[in-house]
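Biologist: I'm new to this one, so please take me through one part of it closely. Keep it informal, and explain the terms as they come up.

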Amino acid sequence: MSPAKNKSLPSEKNTGSTIPRHVAVIMDGNGRWAKRRGQSRVMGHKKGAEAVRRIIRNCGDQGVEYLTLFAFSSENWKRPNREVKLLMELFISVLEKDIDVLVENGVRLSIIGDLERFGKRIGRLIKKAEMRTATNNRMHLMIAANYGGRWDITQACQRLAEKSRSGELNPDEINEELISRHLVTDEIPDPDLFIRTGGEKRISNFLIWQLAYAELYFTDVLWPDFSKENLIDALQWFASRERRFGKTSEQISKAGHA
Ligand code: IPE
Ligand code: IPE
Ligand code: MG
């Protein structure tokens, strides 16, 4: 194992930068958006898909390099069958219809999560979409589907244990960097800015390891309403934060003037 940089800490490149290199979003509030209009939750999810297209475009325009969107959690299978089915259909339709737009806009797509549960058809569409966008380098979009932070850490532990058993790895070599490299976000810098819409103030088993030092932004705006202006507000709030990573404020301002 080469002593690469510690990926569980934000990259040096971003320290002091005002635009977050990686933005991670819990897109919450579709159901309530629909309920307020006397519509079915399904309509909320359809409208939510439009907000997904919007944030991808706007983050690209703002110079965000990595965008991770939480689309379906490992816990969302517990929802009524009808809703789960609709969410799967929407996912398929995005994979079938939206890839051209990603290609046109230089967006690379990766789907992160426990993908085995999705079945062969979705599996094939995911592979195709990832391959078609693999060389795009304007922005890297990660869609978290059947994702859970605890699942992610567990699968990393399993792979590390397997490597220890086969002798490929000495358990003494297991450190934070190695764990990070076995998470599904391997190679992706940790999120700098976390946004949750819909008013709840929780992480809901999203990127629990990777968010260790992210700035956390919560807004009451429901996901289908999340506009370019709302994104700019979040980015401006981020720019005003002092990221100390355990140091003192004096140390940070000295380094900034060096
Ligand atoms: C987020 O909106 C979308 C998914 C979880 C798939 P919700 O469906 O959770 O909307 P609320 O929280 O019920 O309003
Ligand atoms: C989190 O939203 C998951 C996604 C946005 C995909 P939920 O609406 O499922 O979260 P909880 O259950 O309210 O915490
Ligand atoms: Mg919700």
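**Helix 2 and its surroundings**

Modeller: Start with a caution: residues 1-15 have pLDDT under 50 throughout, and the model gives that stretch 34 contacts beyond four places in sequence. Here pLDDT is the predictor's confidence in each residue, from 0 to 100, and contact means heavy atoms within 4.5 Å. Over the chain the mean pLDDT is 93, with 93% of residues at 70 or more. This is a predicted model, so local features need pLDDT of at least 70 and side-chain atom pairs count only at pLDDT 80 or more, while totals for chains, interfaces and linings use all residues. As for bookkeeping, residues are numbered from 1 along each chain as its sequence is written, chains are lettered from A and ligands numbered from 1 in the order in which they are written, and side-chain values use heavy atoms, with hydrogens and water left out.

The part to look at is helix 2, which packs against helix 3; they cover residues 41-62 and 81-97 respectively. Helices (H or I, at least four residues) and strands (E, at least two) are DSSP runs, numbered from the N terminus. The angle between helix 2 and helix 3 is about 20 degrees, and their axes lie 10 Å apart. Axes are lines fitted to C-alpha atoms, for helices over the stretch in contact, and angles run from 0 to 180 degrees between N-to-C directions. Helix 2 and helix 3 therefore count as roughly parallel: that label covers angles under 35 degrees, with roughly antiparallel over 145, roughly perpendicular from 65 to 115, and oblique for the rest. Their crossing is right-handed. A crossing gets that name if the near helix is turned clockwise from the far one by less than a right angle, and is left-handed if the turn is anticlockwise.

Who meets whom there? On the helix 2 side you'll find Arg41, Val42, His45, Lys46 and Ala49, and across from them Arg82, Glu83, Leu86, Leu87 and Leu90 of helix 3. Take lysine 46, a helix 2 residue. Beyond four places in sequence, lysine 46 is in contact with Leu86 and Leu90. Lysine 46 has a relative accessible area of 41%, so it is partly exposed; buried is under 20%, exposed is over 50%, and partly exposed is in between (1.4 Å probe, protein chains only). For a sense of scale, lysine 46 and lysine 254 are 208 residues apart in sequence and 49 Å apart in space, C-alpha to C-alpha.

Helix 2 has another partner: helix 8, at an angle of about 45 degrees and with the axes 10 Å apart. That makes helix 2 oblique to helix 8. The two make a right-handed crossing. Ile55, Asn58, Cys59 and Gln62 are the helix 2 residues involved, and they meet Lys228, Leu231, Ile232 and Leu235 in helix 8.

Now follow helix 3 onwards, because it leads to helix 5 in the packing: the angle between them is about 30 degrees and their axes are 9 Å apart. Helix 3 passes helix 5 in a left-handed crossing. Met88, Phe91, Ile92, Leu95 and Glu96 from helix 3 meet Arg121, Ile122, Leu125, Ile126 and Ala129 from helix 5.

Helix 5 spans residues 120-133 and includes arginine 132. With a relative accessible area of 41%, arginine 132 is partly exposed. Not counting residues up to four places away in sequence, arginine 132 touches Ile99, Asp100 and Val103. With aspartate 100 there is a side-chain to side-chain polar contact at 2.9 Å. A polar contact is a pair of N or O atoms within 3.5 Å; within protein, one must be able to donate a hydrogen and the other to accept it, and residues adjacent in sequence count only if both atoms are side-chain atoms. Valine 103 sits 29 residues away along the chain, yet its C-alpha is 7.6 Å from that of arginine 132.

One last stop is beyond helix 8. The loop between helix 8 (228-239) and helix 9 (249-257) holds phenylalanine 245. Most residues other than glycine have a negative phi. Phenylalanine 245 isn't a glycine, but its phi is positive, about 50 degrees. Its relative accessible area is 24%, so phenylalanine 245 is partly exposed.
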